[in-house]
Amino acid sequence: MIVPTTEDIRDLHERHAPSRQAFEIVYGHCDIVRRIAEQLMAGFDGAIDKDLVRAGCLLHDIGVYRLYDADGNLDHANYIRHGLLGHELLRSEGFPEVLCRFCSHHTGVGLTKDDIVGQGLPLPPADYLAVTAEERLVMYADKFHSKTTPPTFLTADAYAAYVARFGAAKVGAFRALRAVFGEPDLSRPVL
Ligand SMILES: [Fe+2]
């Protein structure tokens, strides 16, 4: 598989972003997640495809563009669908499944069929869990930066506290990711 270059992915974002502001929020976030993941990989001694992680980070939130209306407002009620929308967007662009999955399998610390049915989430009931080391790292790195206004960084402790509201299984899933990949130095990716 040929992994798309950073320039190709940036072009794809520019093509799908409904506005310059949306591009800066979404691509800017994806690029910060890429830098966080690269930092985490520097301290990770397991087998991992770094180029695939780069592309996965840069692509993972591209579906967010499909949630903006004509006035530039984001559909927050359906935000949880952005991963699936990104998967569909990349598939329609001819991307292979291994890349599409970075979109549909990065939400939270993994969505299960029970989460979707139990919480009535607007997604087809299925498990959307990160499986490979690359998928798990993209999911994990994403947790340290939020596209709020203004964008903010979260420490591992802050995310652990946040995820507690979703139950013990989610706390355990985040703890497992933290044990595998460690914690980033959040003062560095913003440079
Ligand atoms: Fe993200």
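The largest pocket of this predicted model is lined by 37 residues, and Y79, H82, S146, K147 and Y162 are those that lie nearest its centre. The space inside this pocket comes to about 1,000 Å³, whereas the largest cavity has a volume of about 60 Å³. Three helix pairs are also described below, namely α2 with α3, α4 with α5 and α8 with α9, together with a cis peptide bond between T149 and P150.

**The largest pocket**

- Two or more lining residues come from each of the elements α2 (20–42), α6 (113–119), β1 and α8 (156–163), and among the contributors α2 gives the most, with 4 residues.
- Sorted by class, the lining of the largest pocket holds 17 nonpolar, 14 polar and 6 charged residues.

**The cavity**

- Searching the whole structure yields 1 cavity of 30 Å³ or more, and the residues that line the largest cavity are I80, G83, L84, S104, H105, H106, T107, L111, L123 and Y128.
- The lining of the largest cavity is split into 5 nonpolar and 5 polar residues, with no charged residues.

**Helices α2 and α3**

- Helix α2 packs against helix α3 (residues 50–59) at an angle of about 155 degrees, with the two axes 7 Å apart; because angles over 145 degrees count as roughly antiparallel, α2 is roughly antiparallel to α3.
- The crossing in which α2 passes α3 is right-handed, and the residues that meet are Y27, C30, D31, V33, R34, A37, E38 and M41 on the α2 side and K50, V53, R54, C57 and L58 on the α3 side.
- By class, this contact of α2 with α3 contains 8 nonpolar and 5 charged residues, and no polar ones.

**Helices α4 and α5**

- Helix α4 (residues 82–92) and helix α5 (residues 97–104) have axes 6 Å apart and pack at an angle of about 160 degrees, and the two helices are therefore roughly antiparallel to each other.
- The α4 and α5 crossing is right-handed, with the contact made by G83, L84, G86, H87, L90 and R91 from α4 and by E97, L99, C100, R101, C103 and S104 from α5.
- The contact of α4 with α5 includes 5 nonpolar, 4 polar and 3 charged residues.
- G83, L84 and S104 take part in this helix contact and also belong to the lining of the largest cavity.

**Helices α8 and α9**

- The axes of α8 and helix α9 (residues 168–181) come within 9 Å of each other and cross at roughly 160 degrees, an arrangement in which α8 and α9 are therefore roughly antiparallel.
- The crossing of α8 and α9 is right-handed, and the contact involves A156, D157, Y159, A160 and V163 of α8 together with K170, V171, F174 and R178 of α9.
- This contact of α8 with α9 is made up of 6 nonpolar and 3 charged residues, with no polar residues.

**The cis peptide bond**

- T149 and P150 are joined by a cis peptide bond, for which omega is about -5 degrees.
- P150 sits in the loop between β1 (145–146) and β2 (152–153), and β1 is one of the elements that give two or more residues to the lining of the largest pocket.

Conventions. Residues are numbered from 1 along each chain as its sequence is written. This is a predicted model: local features need pLDDT of at least 70, side-chain atom pairs count only at pLDDT 80 or more; totals for chains, interfaces and linings use all residues. Side-chain values use heavy atoms; hydrogens and water are left out. On a 1 Å grid over the protein atoms alone, a cavity is a set of points where a 1.4 Å probe fits but cannot get out, and a pocket is an open set with protein on both sides within 12 Å along at least five of seven lines; lining residues have an atom within 4 Å of a point. Grid points are joined across faces, edges and corners, and a volume is the space filled by probe spheres set on the points. Ala, Val, Leu, Ile, Met, Phe, Trp, Tyr, Cys and Pro count as nonpolar, Asp, Glu, Lys and Arg as charged, and the others, Gly among them, as polar. Axes are lines fitted to C-alpha atoms, for helices over the stretch in contact, and angles run from 0 to 180 degrees between N-to-C directions. Angles under 35 degrees count as roughly parallel, over 145 as roughly antiparallel, 65 to 115 as roughly perpendicular and the rest as oblique. A crossing is left-handed if the near helix is turned anticlockwise from the far one by less than a right angle, and right-handed if clockwise. Contact means heavy atoms within 4.5 Å.
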